[in-house]
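Thank you all for making time this morning. I would like to take you through one structure, beginning with its internal spaces and then moving to a few helix pairs and single residues.

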Amino acid sequence: MESRRATRGAPTGTGTTATAVPGPAELAKRGRKSVAVRNRSPSPPARKPSPARKTSPARKASPGRPRKQSPARRASPARKASPARKASPARKASPARKASPSRKSPGRKPAPKPTKVSPDEPRRTTRSKTSEQRDKSPPSKRVLRDKNLSIILDEAEELSKKGSPAKSITPNTSQRSIVTSTERSRITGSRSVSVANDSQEFSDHEEIEFQSFRKDDNGLLGEKSYARRSATKQLQELKEFGGTWGAVAALLLVPAFIFFTNHFCSGATHRDCSFKIPANLDEFKSLSTYFNREIGVIFLLFTWGIAAVTALPIGKAVKIVDEIRGQQSFTFTGLTCAVFTGLVIFVAEYCYKYPLISTISKGYNQLLVISLVYALITATLAFIKSRYVPQANHNPYAKSNKFLPDFFIGREINPLTFNHLNLKLVHYHISIILALVFNSIILYRNLHFPALPDAEEPLTLLEKVTFTLKNLEFVPASVVAASLTILYLLDLLAYEHHLTFSFDLQNEGFGSGLLLRYAIFPFTLTLLPKYISAHKLTEVPVWALATVALLALVGLFVKRSSQRLKHLYRLNPLGEKFIDLETLPTFQGRRLLVAKLWGRIRQPNYVGDILQNVALLPLLYWRFAWPPLLAVLFTVILLVHRAHRVNERNAKKYNSAWQRYCTTVRYMLIPKVY
């Protein structure tokens, strides 16, 4: 034994005896002891050595404990270690042995005896003990820490809250942090990409993701993180209509344009329908030009009646689940509102003999002014109401913290009254039905029904209808113009449920911009049929009227077929009808239609709408006027601008998927052209 130790400890060629070096068994025992000391928390219990342990040769040779040596051994020259012995791994002390609290050193007080830990009680890690102390202490300032380690600590804290013992985070944290961050990136990958690239809608789900990265050590929400601030900055940079100056221009120019185009085409004074400023400006100074008390009362009763009928559960009900706003339910009562309005007019005219039709016709301009003022007042009330609505219901494009842009765009998407009445649908019905009333009056006044002949025997119903049709007198151009406009409006009401996934209902804010558009829609749509009816275009040939009707019907078919396909696909994209349809997947989990009309142009529904609006323009060839032309062009510009807004929002929402879609469907509105 001594010779072996001397051979291992002394330099080659020396014959003196060297000090004892621990063998493999002793080293293994030390390794086990160091691991036990390292894993014991907070310090190992005191242990009394047995008599046999004291007399053990390995214990006597332990370099970690001082022992008495003989004078001969002290004087031995072999005591001086060679360089090779100094560099020996066995010579170096274990880090765990150096850090062990049980190791005695001169001048240091012995560690207190720790309490024994029951094997049944789960060990509490340093993290759990620290969190308990911090729960009792006041919140401290946020300390920056490693992102991967933060994720691990948050998960450990969640496990401890659920009741499961938290795992130790001391050994081998690098490997676990990589796995954890990878799993989290897979889960939140789509949302993080949406936050970075999607300006369309920074939803509340994404805001929650940002909050998870800005928790302090106490689990409390601290100051905004860099990601949160960058998201807020991107939300403030979302602009439409040119920001503040665009909102000011729209609020001033649009009402003025609509008022003057209709004013110079109304009454006997402006029968020629041209922009000629009269020499006497008294008509603009008179209050009766802008307001009539009787018209005001009729308009208020009309709006309240439409709101009451819209609230009734009589109509097509559609329920959808949105990723951002959750479950949404809509009840479309457009046709019910139209029938109700027709019954009221019939009762007022034929039962109570009140000249409601002539009153509305005479107060056409006053109705326009009242509609514009009503739209601005409603927008103001909606803006005030939005301050008391949760942020989840806010329009992401109206978070600039500037009054005019947010007032124009609208802070809410679908505001509700009494948690049931959708205000956007109420004003949509007011706009469509008011236009239907105007064009029905034009059609009624251009149909001259003959008086039934006096006969000894009463005529049957079939004989009355036959006699009326044979002797009916009308102007073909006026009847065709009014009839095509009525068909356009009835289609909007009959298939109103196709608005469920439309841009207006799902993305347009309820602000002054939308309300002004609803207010001017009846008057821009009615101006051309009103002008044709006023001038009795009797010289228009039949083939021209047939061409106009064919163009309007083609537009109706394109719009309705594309809207129907989109509506059914969005309701059930996995249905049997859509198995063979070509689609393009997106990173957000949706699929874009690349089939039928949607595979040729990006917005076929807007193309059909534009065709229906421009179908009557050829009739101006026989009697041209600027105001009707400008009114139609204004509607077309609005539709083209909305198509561009949809394209830009989809580009921000779907990013690379939308770029691939645009390479497949290259044209927006006109194939091979635009």
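How many cavities of 30 Å³ or more does a search of the whole structure find? Before I answer, please keep in mind that this is a predicted model, and that everything I say about it is computed from that model. The search over the whole structure turns up 6 cavities of that size. The idea behind such a search is simple, in that rolling a probe the size of a water molecule over the atoms shows where empty space is left.

Let me take the largest cavity to begin with, which has a volume of about 180 Å³. Its lining is made up of 17 residues, and those lying nearest the centre are T485, L525, Q612, N613 and L616. If you want to find this cavity on the screen, look for the helices α23, α25, α26, α27 and α28, each of which supplies at least two residues of the lining. As for its chemical character, the lining of the largest cavity has 12 nonpolar and 5 polar residues, and no charged ones.

The second largest cavity has a volume of about 120 Å³. Around this second cavity we find F299, then S371, Y374 and A375, then H427, I430, S431 and L434, and finally L515, Y518, A519 and P522. Three helices, α19 (364-385), α21 (423-445) and α25, each supply at least two residues of that lining. By class, the second largest cavity is lined by 9 nonpolar and 3 polar residues, with no charged residue among them.

I would now like to turn to two helix pairs, taking in each case helices that I have already mentioned.

Helix α19 and helix α21 both contribute to the lining of the second largest cavity, and their axes come within 13 Å and cross at roughly 175°. How should we describe the direction of α19 and α21 relative to each other, roughly parallel or roughly antiparallel? Since an angle over 145 degrees counts as roughly antiparallel, that is the description that applies to α19 and α21. On the α19 side the residues are Y364, L367, S371, Y374 and T378, and they meet H427, L434 and F438 in α21. The residues of this contact divide into 5 nonpolar and 3 polar, and none is charged.

The other pair is helix α23, residues 476-494, and helix α26, residues 542-571, which pack at an angle of about 5° with their axes 11 Å apart. That angle makes α23 roughly parallel to α26. From α23 the contact draws on P476, A477, V480, L484, L487, Y488, D491 and L492, while α26 brings in L545, V548, A549, A552, L553, L556, K559 and R560. Sorted by class, the residues of the contact between α23 and α26 come to 13 nonpolar and 3 charged, with no polar residue.

Let me move on to some individual positions, starting with Q328, which sits in strand β2, residues 326-332. With a relative accessible area of 10%, Q328 is buried. If we leave aside neighbours within four places in sequence, Q328 is in contact with V318, K319, I320, D322, N414 and Q506.

F587, by comparison, lies in the loop between β7 and β8, and at 48% relative accessibility F587 counts as partly exposed. Although F587 and K653 are 66 residues apart along the chain, their C-alpha atoms are separated by 9.7 Å.

Two residues deserve a word on backbone geometry. As a general matter, most residues other than glycine have a negative phi. N401, however, has a phi near 60°, and this residue is found in the loop between α19 and α20, where N401 counts as exposed at 64% relative accessibility. K672 likewise has a positive phi, of about 65°, although it is not a glycine. K672 lies in the segment after α29, and with a relative accessible area of 70% K672 is exposed.

To finish with the protein as a whole, there are 29 helices and 8 strands, and 43% of the 674 residues count as buried. Among contacts between residues at least 6 apart in sequence, 74% join residues at least 24 apart.

Methods:
Residues numbered from 1 in each chain as written. Predicted model: local features only at pLDDT ≥ 70, side-chain atom pairs only at ≥ 80, totals over all residues. Heavy atoms only, no water. Axes fitted to C-alpha atoms, helices over the stretch in contact; angles between N-to-C directions. Helix = DSSP H or I, 4+ residues; strand = E, 2+ residues; numbered from the N terminus. Parallel < 35°, antiparallel > 145°, perpendicular 65-115°, else oblique. Contact = heavy atoms within 4.5 Å. Nonpolar A, V, L, I, M, F, W, Y, C, P; charged D, E, K, R; others polar. 1 Å grid on protein atoms, 1.4 Å probe; cavity = no way out; pocket = protein on both sides within 12 Å on 5 of 7 lines; lining within 4 Å. Points joined across faces, edges and corners; volume = space filled by probe spheres on them. Buried < 20%, exposed > 50% of the residue type's maximum accessible area, 1.4 Å probe, protein only.
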